[in-house]
Each structure stands twice: as C-alpha cells, then as structure tokens.
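Student: Got a minute to go through this model with me? I'd like to talk about rings, cores and cavities.

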Amino acid sequence: MKFSSALQFNAVPDWSQYYLDYSGLKKKLYVIEREIVARRELAADEGGENRTLLVPHNQAYSAFVPLLDSELAKIDKFYQRKEAELFAQADEIERDINKLQDIPMLQRRSSASFFQKLSNIDAGINTEDGAPRIHSSSIAEPLLEAESNNQILQQQQRPQAGNPELNVDSLTPQDVTNAYIPHDREDSVYAPSTAGVEESMLTRDQPQSTSDSRRRTASFGEDGLSRRELRVRARNLFILLHDMRSYAQLNFTGFSKITKKFDKVTHSDLRDTYMSQTVKAAYVFTSAAQSKLREHMEGVVYAFGLASRYSNLDDALRELKRCLREEVVWERNTVWRDMIANERMVNAVGVQSPDLETIPGQPVDVLKPRRITNTQKQLLRISACTAVFAIAWAIPLFDGVEQQRCWAMLIYVSLLWATESLPLHVTAMLVPLLTVMLGVMRSPTKTHSHLGAGDASKAVFSAMFSSVIMLLLGGFALAAALSKHDIARMIASWVLTKAGSNPRTVLLANMLVATFASMWISNVAAPVLCFSLIRPILRTLPANSTFAPCLIIGIALASNVGGMASPISSPQNIIAINTMYPTPSWFQWFAVSIPVCIACDLGIWLLLLLVYRPNKTTPAIHQARFTSERLTRRQIYVCIVTIVTVLLWCFESSLSFIFGDMGIVAVIPLVLLFGFPKVLSKEDFNNFLWTVVMLAMGGIALGRAVDSSGLLHELAGHIERVVDGLPLFAVLCVFCGLILIVCTFVSHTVGSLIILPIVSEVGARLPEPHSRLLVMGAALMASGAMGLPVSGFPNMNAIMLEDTLGNPYLTTMDFFKAGIPSSVIAYFIIISIGYSIMLMLGF
C-alpha cells in the first residue's frame with residue numbers, strides 16, 4: 001500500500017487540509033518526469049546533449065522546491081497555532097487541578113522514564129474477548145523514526161473501556177485518529193534526536209482496581225463533579241496532543257518520501273540537503289517543539305491521575321491509552337499475497353448483459369433470448385467428460401481389471417484438467433477418491449493382488465505427502481521472505497539501473513532479471529515483481545512506442561524460461577524430480593538448466609528486437625536511479641537462511657547420511673523463517689499457493705495409481721514398440737514435441753503430470769536406459785511452451801496489464817508473433833545444447 005493511502009487512513013479528518021499534499025506533489029513530479037524525458041529526446045535530436053543535460057534537472061528543481069516550501073510553511077503555521085491553543089488548555093487544566101482538595105501525592109517522573117513507561121505498559125496481552133490490542137514500538141527509537149516501508153493494511157480493533165466511572169467515550173472527540181505509521185528505513189537518518197510516545201497494548205484493570213475506583217468515585221464529595229469534568233478535559237486533551245505528535249511524524253515521513261521519489265526521478269540529491277537544512281529547521285520538526293509537547297503530555301497525564309485519585313501514574317496512563325482510537329499497522333506484501341489480491345480483483349469484475357424485459361404499454365411480451373449460463377456450460381463440460389469416462393470404462397482395452405479402470409480414470413481426470421470443468425486443484429483432490437473407490441491399486445508384491453479400500457487409501461495418502469511437497473513448501477517460504485523483506489526488489493533494481501538507457505540493453509537486462517528471479521521465487525511469482533519494477537519506464541514512454549509491448553512480453557517469456565532454472569522454480573520441475581531416479585543433484589540441474597536458459601533468453605531477445613524494433617520508436621529509456629539502502633538485521637537473517645538452504649540443497653547427495661532427502665532440508669527454512677513472526681507470520685503461511693500444492697499432490701497420487709495398477713507398464717510397452725529402433729535423440733525430439741504441443745494449450749503442470757511418468761517408463765525400457773535424460777528434457781520443454789496467452793501464468797499476467805487509459809499493452813497477436821516462435825527457439829535449444837550437456841553428465 002502506498003504512503004498516500006497511509007496518509008488518508010491516519011490523518012485527523014478535521015486537519016486534513018493542513019497535511020502534506022502528497023498525492024498532488026506526486027502528480028506534479030510525474031509531469032516533471034515526462035518533461036525531462038521529452039527535453040532529453042529533443043536535445044539528442046538537436047545534437048546539443050552536453051549543453052542541455054543539466055537544464056531539465058535545474059528546471060525541475062526550480063519548479064518543485066517552491067511547492068515543498070509552500071507545504072512546509074502551511075504545516076508549520078498550523079502546528080504553531082494548534083500548539084498555542086492546546087498548550088493553553090493544558091495550563092488551564094493544571095491550574096484547575098491545583099484548586100482541588102485532598103490531592104493525592106503522585107511522583108512526577110522525568111520525561112525519559114515517563115515515556116519509557118508509556119511505551120511498555122502491558123505489551124502483548126489480549127483482551128478478555130481475545131481481540132488483539134494495539135501494538136507498540138520500542139521507545140528507544142527517535143520520535144520521527146520508522147522501521148520499514150510497509151504496504152498492507154491491518155486494522156486492529158479498538159479496546160473497550162474497562163472502568164465504568166471512566167467510560168466517557170461519548171465525550172471523546174471522534175474526529176481524531178491516533179495511529180503510528182512506520183516509515184522508510186532511510187527516514188531515520190533525518191529524524192530529530194527526541195524520544196517519542198509510542199503506541200502500546202493495554203490491558204483491562206483488575207477487578208480489585210475497578211472496585212477501588214468505584215469507592216473513590218463515591219467519596220468525591222462536593223468536588224466530585226469538578227473532578228469528573230477535569231478527568232474528561234484531561235483525557236480529551238491527551239488525545240489531541242497525541243494527534244499533534246502523529247501529525248508531525250506523518251508529515252515528516254511525507255517530506256522524506258516525496259524528496260526521495262524526486263531524487264529517483266530526476267537523478268539529483270535534493271533529499272539530503274532539503275531534509276537537513278529546510279525540513280528539520282522548521283519549528284514543527286525541531287527538538288524544542290517535541291520536547292514541549294512531551295512535557296505537556298506528561299503534565300496532562302499527571303493531572304488526569306490527580307483528578308481520578310490514582311495511586312500511581314501507571315494506572316492513569318493505562319486509562320488514557322484506552323481512549324486512543326485504533327492503530328493502523330502496515331506490513332509489506334509477499335508475492336503470494338499480491339497474486340491472491342490480483343486474482344480476487346479480476347474475479348470480482350464481470351460483464352452481464354441485461355435481460356430483455358416486457359416493454360411497458362405493449363400487450364405482447366418481448367421474449368428473452370435463451371442463454372447458456374457459465375454454470376450450465378460447466379455442467380455440460382462435466383457431463384461430456386463423464387460420458388467419455390463411461391465409454392472408456394465400457395470398452396475393454398486391457399486384460400487386467402485394475403488397468404482398465406485406471407485407464408478410464410486417467411482419461412476422466414485428464415479431460416477435467418484439460419477443459420477446466422472443475423478448478424485444477426479440485427480435480428486433483430478428486431484423484432485419491434476415485435483411486436480408492438474404483439479399486440485401481442494393486443499390491444507391490446510379485447502376486448500383484450488387488451488392494452482393498454483400507455490398504456489403497458493408506459498407500460495413496462502416503463504417496464501424496466512426499467519430500468517433493470516439502471521441497472515445494474520450502475521454496476514458497478524462501479520466496480515469501482525474499483519479497484516481504486524487499487530483498488528481491490533491491491537486487492533486481494540494482495541490476496536494472498546498470499542497464500543504461502539503450503532499449504536493447506534495458507530489454508535484455510529485464511529479461512535476465514526475470515529469469516533469475518524465477519530461479520528463486522518461482523516463475524509464478526517473478527512476473528509480479530518484475531512488472532512492478534518497470535512501471536516507471538512504462539509511465540514515460542511515448543504513446544506510439546513499441547518498446548512497451550516488447551518489454552512486457554519479454555519479461556513474460558523470460559519468466560517462462562526461468563521455470564527451467566532450478567528445481568523449485570516451477571511445479572513441473574518438482575514433478576520431474578519425483579519421477580527421476582536417482583534424483584539429480586542441484587549442481588547437475590544447474591549444469592543443464594543455466595546454459596539452456598541463457599541461450600533461450602538470448603534467442604528470444606534477438607527475436608523481439610527483430611519483431612518490435614524498439615529503437616525506432618524509443619531511442620532512449622528514462623531509468624529511475626537506484627538508492628542504496630542499508631540491510632536491516634531481518635534482511636541479513638533472511639539472506640543467511642536462503643544461502644544456507646540453497647547450499648544444503650546443492651550438497652544434499654553428500655549430506656544424505658545426515659538429512660536423507662531434500663525434503664528434510666526444506667524443513668529448515670520453514671522453521672527458521674516462520675519461527676519468528678516478524679520474519680514470516682501465520683498469515684504469510686496461509687497465503688501460500690495451496691492450490692498449486694494440492695495440484696502437485698493430486699498429480700503424485702495419479703502417478704502412483706497408474707504405476708500400481710500396471711497401466712503405466714502397458715502404455716510404456718505400446719509406446720516402446722512405436723519408437724523401437726529410433727535413436728535416443730529422436731525419442732527426445734518426439735517427447736519434447738509432444739509436451740510442447742500439450743503444454744501450449746493446457747497448464748504446464750497438468751501436461752507434466754500426465755506425460756512425465758510415461759516418458760520415464762519408456763526411457764527405462766530403451767536398450768540403453770536414459771530415463772532421466774528424457775524426463776528432464778521433457779520438463780524443460782514444458783516450461784518452454786509459451787506460445788499462447790493461456791500458456792503459463794506469466795503470459796496470463798502479461799496480457800492483463802493495461803496502461804493509464806485502460807488499454808491493454810498486449811493482444812493475442814503479440815503471442816502469435818513472438819510467443820510461438822519463442823517456443824520453437826526453446827525447443828531447438830533443449831534438443832541441442834540441453835541434450836549435449838545431459839549426455840556429458842551421464843543422464
């Protein structure tokens with residue numbers, strides 16, 4: 001979530017016009033960005049580049065800085081006016097409190113100890129009804145500092161008041177929002193060295209404390225009403241003073257962020273000088289102003305404690321903190337949560353044509369046209385698949401009963417997957433049900449006796465949750481941590497800033513980044529990251545530029561290629577590893593996949609340059625400057641966990657006497673990352689792509705059923721007779737061509753689930769068994785099938801991208817021009833370079 005949304009959620013409504021106009025400044029900055037690009041292109045055309053390089057930046061500075069100065073003056077003037085008003089009320093309350101009789105003795109702490117207590121009271125305790133309290137940050141941080149740049153809104157419920165005599169919520173100003181907003185890591189550089197009031201979780205008073213308060217209320221006597229009035233005034237003033245502190249904090253963050261964005265767009269260094277020399281010099285952000293605010297907040301808490309006859313300031317502070325409204329906490333997205341949000345956004349929008357109704361005033365009704373609804377279409381597809389299943393069941397093609405039934409089930413499940421009559425993961429969950437009910441499994445002993453329902457269910461469920469599934473979950477955990485803590489974006493941004501401004505090199509750099517990102521955060525999540533990184537480029541391109549579709553489809557195709565790169569980069573690789581025996585090491589996989597991926601990227605890059613010719617319409621690209629950021633301790637921790645896990649996977653064969661399997665190694669990142677909720681939380685775990693996990697589990701169960709029934713043996717025998725006498729290279733070409741055609745029209749994962757077990761069995765039956773070579777070649781080709789918009793998630797994500805006017809960047813014709821030829825390029829690279837390397841490695 002952007003900072004403009006944070007400003008909207010946390011601004012005091014009555015003060016909204018006095019906050020920094022962050023959205024307006026950002027719009028002006030985008031106008032300046034387009035002007036800089038236009039002037040640079042004009043200077044290049046006129047041959048006066050050296051003379052005019054600094055002119056756009058100077059003009060941008062002169063146009064933008066006065067706007068910042070105006071906003072700063074507005075904020076500072078409002079703060080001083082509000083400060084005088086509220087401080088006068090605080091002084092009046094202090095005078096009135098001295099007029100009370102029987103004032104209890106309360107020790108008035110120094111500011112440091114007082115606000116330390118203010119931050120740490122009863123943190124981490126829930127309410128009686130289980131609702132979470134407002135969380136706090138460490139008081140050791142300065143007032144205007146923050147911990148990180150956050151994106152997702154998590155609004156926590158406001159705790160209910162505990163003591164009846166202090167439950168004066170009806171008198172609380174309802175137009176204030178007391179929320180703490182975490183800032184950018186870099187904002188701490190400019191924070192004044194003052195300790196602040198941080199929000200904290202508060203608990204209800206104990207029953208004994210409540211009864212004591214009631215007795216105190218009954219004993220107020222003649223000044224009871226005045227005490228209650230002072231208590232209400234002090235509480236309301238405490239809320240407003242807290243709002244003043246949040247007001248200063250939020251505006252300070254806004255100036256830091258907008259100047260940082262200015263530096264990125266204009267390649268200048270405004271942020272350092274403006275924040276240190278101008279913003280920090282304004283009264284609202286000085287240490288003196290914040291010190292006065294702390295002193296008056298302390299005085300109000302002190303007055304509230306006296307008016308309420310509390311025995312110590314802790315109870316008074318606890319009661320005041322209950323009156324603060326809910327906090328808004330922001331947390332950075334993982335790529336999985338982004339994908340779920342995008343899917344919900346797409347599925348929530350639909351187009352429905354209105355029905356033809358009766359026209360008023362006419363005696364004859366207008367007939368409604370008969371339509372087939374989506375539900376009826378789905379039922380028709382399911383009925384057609386079921387009919388084919390019944391036919392396959394009735395026509396005897398195999399001698400064994402289990403084989404015949406398994407053949408019918410295989411046809412049925414394959415059709416449901418191919419037509420998507422049911423969601424893919426739902427069909428996958430149907431596999432174990434059909435396997436047990438149809439009785440397709442046999443005993444693994446030599447007798448191959450029929451397995452009963454009990455033994456079959458144990459066998460199929462033991463196969464579904466295997467080490468391969470743990471490997472998939474381990475990859476999901478690493479991807480979530482790398483994206484949530486901004487590590488993947490920082491690495492990708494740094495690489496892209498080195499690409500320069502030539503469209504050719506920018507395109508190649510983005511493609512290589514997409515492939516590398518797919519290697520570690522999967523080819524499902526990499527496009528989400530990469531498409532977000534190119535938004536500044538797309539925003540400044542001219543309307544007729546062919547570079548926009550070229551860049552978008554290049555990232556999509558490179559992400560598909562990245563699905564070959566590592567065992568965890570795509571589900572089809574997980575399925576291939578489960579099929580190959582012995583399992584290849586990570587070093588062996590990299591030795592084949594990395595040269596193939598690089599060759600594919602280069603071939604597709606040359607193809608895109610030939611098809612789109614981006615240099616003709618866009619001679620230069622405007623790149624945002626990369627701002628180096630210091631790694632936090634959590635980022636360092638995530639990097640260490642990732643590196644150690646990958647190294648253990650690479651050396652798994654040498655460490656098998658310790659771990660036994662790659663799936664056991666995958667438990668390590670799951671424990672280390674989810675063991676600390678601030679690294680990865682339970683919500684991050686819930687946001688995993690569990691549909692992909694279920695699809696993989698269903699595919700493994702189907703493979704186990706086809707193998708156990710003997711059907712796999714029969715099918716492999718038939719295919720073996722067809723390819724009998726063909727050399728290994730020809731067999732590889734046949735299977736790669738088959739899976740290329742299938743996976744172009746259906747999901748890569750589904751095609752791999754159906755074909756790879758058969759490929760493995762045929763490879764094992766060759767005169768010189770090369771089962772692993774054929775399976776790995778087919779798995780790489782599954783990722784290389786990228787000819788249509790439906791061929792893989794990267795393509796589907798790319799075709800949904802739109803410009804600011806709502807026009808799509810890509811059409812189906814773009815995939816016909818670039819996608820299908822790219823698939824052909826990948827095919828020839830796999831059967832040539834990939835085949836040669838696999839032979840040398842002894843696959």
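Student: Let's start with W690: is it buried, partly exposed or exposed?

Tutor: Keep in mind that this is a predicted model. W690 has a relative accessible area of 31%, so it counts as partly exposed.

Student: And what about F685, buried or exposed?

Tutor: Neither, really: F685 is partly exposed, because its relative accessibility is 32%, and the cut-offs are under 20% for buried and over 50% for exposed.

Student: OK, rings next. How many aromatic pairs are there?

Tutor: The count is 26 aromatic pairs. One of them is F64 with F262, a stacked pair with 5.0 Å centre to centre and 15 degrees between the planes.

Student: Where do F64 and F262 lie?

Tutor: F64 is in helix α4 (residues 55–97) and F262 is in helix α7 (residues 224–266), so this pair ties together parts that are 198 residues apart in sequence. Both F64 and F262 are buried.

Student: Back to F685 and W690 for a second. What kind of pair do they form?

Tutor: F685 and W690 make an edge-to-face pair, with 5.2 Å centre to centre and 65 degrees between the planes.

Student: Which residues make up the cluster with W15?

Tutor: W15 shares one aromatic cluster with Y18, Y19, F78 and Y247. Y18 also has a charge over its ring: the charged end of R81 sits there, 5.6 Å from the ring centre.

Student: And which ring does the charged end of R772 sit over?

Tutor: That would be the ring of F843, with the charged end of R772 at 4.6 Å from its centre.

Student: Switching to cores. How many residues are in the largest nonpolar core?

Tutor: The largest nonpolar core has 169 residues, and those with the most contacts inside it include W586, W649 and L673. Helix α18 (residues 503–533) gives the most to this core, with 18 residues.

Student: What does L673 touch, leaving out residues up to four places away in sequence?

Tutor: On that basis L673 touches A477, L478, A481, Y637, V638, V641, V679 and L680.

Student: Which residues does the second core include?

Tutor: I32, F87, L240 and F262 are among them; that core is separate and has 66 residues. You've met F262 already, in the stacked pair with F64.

Student: Now cavities. How many are there of 30 Å³ or more?

Tutor: There are eight cavities of that size, and the largest has a volume of about 80 Å³.

Student: What lines the largest cavity?

Tutor: The lining consists of L410, G699, L702, G703, V706, L712, L715, L753, I754, P757 and I758. Helices α28 (690–709), α29 (711–722) and α31 (748–765) are the elements giving two or more residues to that lining.

Student: One more spot: is N560 buried or exposed?

Tutor: N560 is buried, at a relative accessible area of 0%. N560 is found in helix α20 (residues 547–562). Leaving out residues up to four places away in sequence, N560 touches N523, H748, S783, M786, S791, G792, P794 and N795.

Student: And where does G725 lie?

Tutor: G725 is in the loop between α29 and α30 (728–745). Its relative accessibility is 70%, so G725 counts as exposed.

Student: How far apart are G725 and L766 in space?

Tutor: C-alpha to C-alpha, G725 and L766 are 9.4 Å apart, while in sequence they are 41 residues apart.

Methods. Residues numbered from 1 in each chain as written. Predicted model: local features only at pLDDT ≥ 70, side-chain atom pairs only at ≥ 80, totals over all residues. Heavy atoms only, no water. Phe/Tyr/Trp six-rings, centres within 6.5 Å; stacked < 30°, edge-to-face > 60°. Helix = DSSP H or I, 4+ residues; strand = E, 2+ residues; numbered from the N terminus. Buried < 20%, exposed > 50% of the residue type's maximum accessible area, 1.4 Å probe, protein only. Lys NZ or Arg CZ within 6 Å of the ring centre and 35° of its normal. Core = buried A, V, L, I, M, F, W, Y, C linked by side-chain atoms within 4.5 Å. Contact = heavy atoms within 4.5 Å. 1 Å grid on protein atoms, 1.4 Å probe; cavity = no way out; pocket = protein on both sides within 12 Å on 5 of 7 lines; lining within 4 Å. Points joined across faces, edges and corners; volume = space filled by probe spheres on them.
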